[in-house]
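User: I'm new to this structure and would like to learn how to read it. Could you walk me through a few features?

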Amino acid sequence: MAETLNLEISDLKSIQIKDVIDIEMLQRFQDNFAESMNIASITVDINGVPVTKNSSYTNFCEKCIQSTAAGKSRCAASHKRGGEEAARTGRPYVYKCHAGLIDFAAPIMVDGCQIGTVLGGQILTEKPEVSKFIQIAKEIGLDEENLIESLKEIIVTTDKSIKAAAEVLFTITNAMSKIGYKELKLKRFTKDLETEVKNKNLLLDKSKEYNKTKTQFFSIISHELKTPLNIIFSSLQLMESIYIGSSSLSNDGKFLKYSKMMKQNCYRLIRLINNFIDMNKIELGFANLKLKNNNIVKVIEDITLSVVEYSKLKNVNIIFDTETEEIITAFDSGKLERIMLNLLSNALKFTPAKGAIYINIYDKIEYILISVKDTGIGIPENMLNKIFDPFTQVDSSLKRNAEGSGIGLSIVKSLVEMHNGKISVKSQVGIGSEFIIKLPVKPIKSEINEYNQAGNSLNDNVEKIKIEFSDIYFDY
Ligand code: ADP
């Protein structure tokens, strides 16, 4: 942001007096200044062209000198020169104008660059020498008598009072320019900020729109894939039931081997698609919790027991331990199943034979801690804060040992957070990993005594485990 929003204005030459000082306010100041000092005043731009009306102008200047084009252009040149000199010296500049009167100039400056001049004067310090003015009248093409007559009105004052008036004009003009310029810079800064915010909002809207399209696309693709996959899977099951053990199949062993391989890969695809669908549901806010009071210890124990059979196939020990046998709290058992199966399948996936997986439940009264700890390959420190991001895999190379899409833990994290819980991980490469879930213990009041003591239906639901563990190849 600091790069695009600059408080400095680079094109100073393009700034006009009206950008810095309000012209009405300037006119009021100029009128008051002229009246109180009894001198004439005007403000001109960088070329000597007036931007305010004349204040207390003398007839000599207004009615005579400036009545001709030549006089006007000589006045502009004189004002321009006076302003430039004042800007160059950085002081009020007192000088004799082209028509022989004394003027003084106070420059309007922005960042060292002059954009105009406030002038005062049309006075003299001694009685005018008439002959000089007759000469001026001739040069400009004026009626000599008129000019001499108007000369009589010109105020004759002292050097000291002219210098004092010039100083006042200079000080006030300086202050007005500085304040005005600061305001201008702030105004432009605010405008830049507004533009920046508008652009950022546009980008945000575009990105939201893009995300929505992406999510819808994933959702359509996932559902489209699921239908043919279900057909393949059920056809496979049908084939197994027809041919396994049947005499019409000559090479029973091979059929079984390949049909198992096909089924395993169907499960893997189902897992991937389910994960996509769940991720989309969570992103779109469609994933609702079905909270029910239940004994969370029993549910977790049942889930753990249901995967023991699989861990044996890999020669990995599963040890469950709990501080309390019963903790009644409200949770979505289906979602807790997803959480636990995902953590258990990861633990099993990344733990070599002869290793162990420990599931511990700690009762902290207001909350519980569920720990899933393994003696597996561990996670490098630099990946620990990334593994909960979607599509993160520590080993993403094509020749990696374990399969997966890197979505599982991001879904787990969302599901835990939906329960107002937190998930964290500790790990050491070569030693193992520990995932700790902290869940609040909060039963729903109306249901407090009605929890389902029959346990969950997970034991019956072998399919779910087969799907969740499909990334792991077992030697059946
Ligand atoms: P995946 O479906 O690829 O397993 P996850 O989101 O579940 O995706 O996990 C992301 C990554 O985190 C895994 O690819 C793995 O690199 C790492 N990981 C997760 N759990 C463990 C574990 N218990 N031990 C070692 N690495 C793990």
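User: Which residues touch the most other members of the largest nonpolar core?

Analyst: A nonpolar core is a set of buried Ala, Val, Leu, Ile, Met, Phe, Trp, Tyr and Cys residues joined through side-chain atoms within 4.5 Å; buried means under 20% relative accessible area with a 1.4 Å probe, protein chains only. Here the largest core has 46 residues, and I296, L343, I357 and F435 touch the most other members. Helix α10 gives the largest share, eight residues. Please note that this is a predicted model, where local features need pLDDT of at least 70, side-chain atom pairs count only at pLDDT 80 or more, and totals for chains, interfaces and linings use all residues. Residues are numbered from 1 along each chain as its sequence is written, and side-chain values use heavy atoms, leaving out hydrogens and water.

User: What is L343 in contact with, leaving aside its neighbours within four places in sequence?

Analyst: Contact means heavy atoms within 4.5 Å. L343 meets V372, L409, V412, I423, F435 and I437.

User: How are the strands of the open sheet ordered?

Analyst: Strands of a sheet pair through backbone hydrogen bonds, either parallel or antiparallel. Two strands pair if DSSP finds at least two bridges between them; helices (H or I, at least four residues) and strands (E, at least two) are DSSP runs, numbered from the N terminus. This open sheet has five strands in the order β7-β9-β10-β12-β11, with mixed pairing. Its edge strands, β7 (317-322) and β11, each pair on one side only. Between β10 and β12 the pairing is antiparallel, over seven bridges.

Key:
Buried < 20%, exposed > 50% of the residue type's maximum accessible area, 1.4 Å probe, protein only.
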